[in-house]
Amino acid sequence: MSKPIIDADECIACGVCVDTCPCGVLELGDTAEVVDEDSCIACGACLDACPAGAITEISED
């Protein structure tokens, strides 16, 4: 399983990832952040949607 990691320095706080996430695990403040890692299904929608390229995924064992 993998989880999204948001680089706060790269995030432009546009909210596209928040709107795209089918599980609602992201919230937007000054930057986007993962607020519910346990509900993330690692679909990659946020990663693909981010226009700034601020989201990567890391694998968890």
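**View 1. A42, in the loop between β3 and α2.** In this predicted model, A42 sits in the loop that links β3 (32-34) to α2. Its phi is near 55°, so we're looking at a positive value in a residue that isn't glycine. With 22% relative accessibility, A42 counts as partly exposed, because buried would need under 20%.

**View 2. S2, in strand β1.** Here's S2, part of the strand β1 that covers residues 2-6. S2 comes out as buried, at 15% relative accessibility. Skipping residues up to four places away in sequence, S2 touches A42, E57, I58, S59 and E60.

**View 3. A13, in the loop between β1 and α1.** Go to the loop between β1 and α1 (16-20) and you'll find A13. This residue is another non-glycine with a positive phi, near 55°. A13 has a relative accessible area of 30%, which makes it partly exposed.

**View 4. C50 and the largest nonpolar core.** C50 lies in the loop between α2 (45-49) and β4 (55-59). It's buried, with a relative accessible area of 16%. The largest nonpolar core has 12 residues, and C50 is one of them, along with others including C11, C17, C21, C40 and C46. Nonpolar side chains in soluble globular proteins do tend to be buried together. Look for T20 as well: C50 is 30 residues from T20 in sequence, yet their C-alpha atoms are 9.3 Å apart in space.

**View 5. A54 and its contacts.** A54 belongs to the largest nonpolar core, as do I6 and C11. Leaving out neighbours within four places in sequence, A54 is in contact with I5, I6, D7, E10 and C11.

Definitions and conventions
Residues are numbered from 1 along each chain as its sequence is written. This is a predicted model: local features need pLDDT of at least 70, side-chain atom pairs count only at pLDDT 80 or more; totals for chains, interfaces and linings use all residues. Side-chain values use heavy atoms; hydrogens and water are left out. Helices (H or I, at least four residues) and strands (E, at least two) are DSSP runs, numbered from the N terminus. Buried means under 20% relative accessible area, exposed over 50%, partly exposed in between (1.4 Å probe, protein chains only). Contact means heavy atoms within 4.5 Å. A nonpolar core is a set of buried Ala, Val, Leu, Ile, Met, Phe, Trp, Tyr and Cys residues joined through side-chain atoms within 4.5 Å.
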